[in-house]
Amino acid sequence: MLQFDRIKLRNNLKIVARQFLVSVLAVVVALGIGMVIIAAMGVDPFLAIKNMFVGALGTKKAVSDTLVKTAPLLFTGMSYALASRCGLTNIGMEGQLYMGALFSTLVAVYVPMPVGVHLVLAMLCGFIGGAIWGGIVGVLKVRFGASELITTVMLNTIAINIVAWMVNGPITEPPGMDAQSPPILETAALPVIVPGTRAHLGVIIALIFVFLFYMFLWKSKKGYEVRISGQNKMAAIYSGINTNRNILLVMLLAGGLAGLAGSNEVLGMQGRLFQKVSPGYGFDGIAVALIGANTAPGIVFGAVLFGIMRAGGNFMQMTTGVPVAIINIIQAIVIIMVVACNILNEVSFKPRAKRASGKAGWAWK
């Protein structure tokens, strides 16, 4: 038994190492291609990349900006990864983020409460807002077999337009010309943790949730059931696991995590609800989870990487004239590289599986 555990641990470490190597190589290749594009624009690519990292890590303020951009990416990365572990594709994090931001704003602006309690309630309502939006996807999936790919995209549009209507109508700040809500009450604001910077408590909260994400998936019975459901749904059903219940639970939790990203932005950064809450954190969360192979350490790596790109992109543009759009190109190349490597990795096992088993199917060594 001990020998079996050692072999299992060794195999798991090999898988993790291979996934980490794929992610690092994808980033390196993407940066290389990005540098070629920058050079074609007539700009020194090494200077541009250097300035990007200086803008993200060169000063205390730069580091703080990187951290506050990393926090929502941690939440949306966990949201996508959790759903993926259950065999679902949640591309509705942007809409769930918007609903979390809206619910948090309603409590933070219109429900005065004591310090401490107010912040906790506002964050909780943000989680609930996102969970409701994710739960709708789960119900449609379980009850009607609706594809989550379609429903999440549709719900993204609905959520974004609900927020646009709210800030232009029911909760617009008087006199109603700026498409924004009134400012949140001070008792609901996430406190700054590094004086003189914008780094706030939401960064620490996000890291705490990364730990909870790990504990749930890899140290709990329900997390084990979720992973089994995602790997082989029929095997999970035959072993007595209620896969429909897991789908509902996972979409509630995934939506809630994305909702906390919205809470993080309103309570920690913006101080009110704007029509455009997110610069695309919900969609970036997909890339973060893919780079991190849906693991807790990997999500931290991916979120920090994308946080650096977002924080340093503006400084790169100001100092070298390279448009921030080049960051989006690099991110897209990273995603393509990671997905392609994973597909090739799976295909490479298939011929060996057939030779080993003498029939179609998978036979992992």
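Modeller: The term pLDDT denotes the predictor's confidence in each residue, on a scale from 0 to 100. The structure discussed here is a predicted model.

Biologist: Over which residues does pLDDT stay under 50?

Modeller: The protein chain has an average pLDDT of 88, and 90% of its residues score at least 70. Where pLDDT is low, the predicted coordinates should not be read in detail. For the stretch in question, the model has eleven contacts beyond four places in sequence. The stretch with pLDDT under 50 is residues 353–365.

Biologist: How many helices and how many strands does the secondary structure of the protein chain comprise?

Modeller: Read from the N terminus on, the elements of the protein chain run α-α-α-α-α-α-α-α-α-α-α-α-α. The secondary structure therefore comes to 13 helices and zero strands, helices and strands being taken as DSSP runs.

Biologist: What percentage of the 365 residues in the protein chain is buried?

Modeller: A residue counts as buried when its relative accessible area is under 20%. The protein chain exposes about 17,500 Å², of which carbon and sulfur atoms supply 69%. Of the 365 residues, the buried share is 47%.

Biologist: Which helix gives the most residues to the largest nonpolar core?

Modeller: In soluble globular proteins, nonpolar side chains tend to be buried together. The largest nonpolar core here has 84 residues, and Phe-75, Phe-213, Leu-267, Leu-273 and Val-334 touch the most other members. With ten residues, the helix that gives the most to this core is α10 (residues 243–270).

Biologist: With which residues is Leu-267 in contact, leaving aside its neighbours within four places in sequence?

Modeller: Leu-267 is one of the residues that touch the most other members of the largest nonpolar core. A contact requires heavy atoms within 4.5 Å. On that basis, the partners of Leu-267 beyond four places in sequence are Ser-104, Ala-108, Leu-119, Ala-122, Met-123, Ile-184, Ala-188, Ala-189 and Leu-190.

Biologist: Is the pair of Phe-213 and Trp-218 stacked or edge-to-face?

Modeller: A pair of aromatic rings is described by the distance of the centres and the angle of the planes. For Phe-213 and Trp-218, the centres are 6.2 Å apart and the planes stand at 70 degrees. Because planes over 60 degrees apart meet the cut-off, the pair of Phe-213 and Trp-218 is edge-to-face.

Biologist: Is the pair of Tyr-214 and Trp-218 stacked or edge-to-face?

Modeller: Both residues lie in helix α7 (residues 201–219), four residues apart, about one turn of the helix. Their ring centres are 6.0 Å apart, with the planes at 20 degrees. Planes under 30 degrees apart satisfy the cut-off, so the pair of Tyr-214 and Trp-218 is stacked.

Biologist: Is Phe-213 buried or exposed?

Modeller: Phe-213 forms one aromatic cluster with Tyr-214 and Trp-218. Tyr-214 is partly exposed at 32% relative accessibility, and Trp-218 is partly exposed at 27%. Phe-213 has a relative accessible area of 5%, so this residue is buried.

Biologist: Against which helices do the buried residues of α8 pack?

Modeller: Helix α8 spans residues 221–231, and its buried residues are Gly-223, Glu-225, Val-226, Arg-227, Ile-228 and Ser-229. These buried residues pack against α3 (60–85), α7, α9 (233–238) and α10.

Biologist: How many disulfides does a search of the whole structure find?

Modeller: A disulfide is a covalent bond between the sulfur atoms of two cysteines. Cys-86 is buried at a relative accessible area of 5%, and Cys-125 is buried at 16%. Across the whole structure, the number of disulfides found is zero.

Technical notes
Residues are numbered from 1 along each chain as its sequence is written. This is a predicted model: local features need pLDDT of at least 70, side-chain atom pairs count only at pLDDT 80 or more; totals for chains, interfaces and linings use all residues. Side-chain values use heavy atoms; hydrogens and water are left out. A nonpolar core is a set of buried Ala, Val, Leu, Ile, Met, Phe, Trp, Tyr and Cys residues joined through side-chain atoms within 4.5 Å. Buried means under 20% relative accessible area, exposed over 50%, partly exposed in between (1.4 Å probe, protein chains only). Helices (H or I, at least four residues) and strands (E, at least two) are DSSP runs, numbered from the N terminus. Rings of Phe, Tyr and Trp (its six-membered ring) pair if their centres lie within 6.5 Å; planes under 30 degrees apart count as stacked, over 60 as edge-to-face and the rest as tilted. A disulfide is a pair of cysteine sulfur atoms within 2.5 Å. Accessible areas come from the Shrake-Rupley method with a 1.4 Å probe; for residues, only the protein chains shown count as cover.
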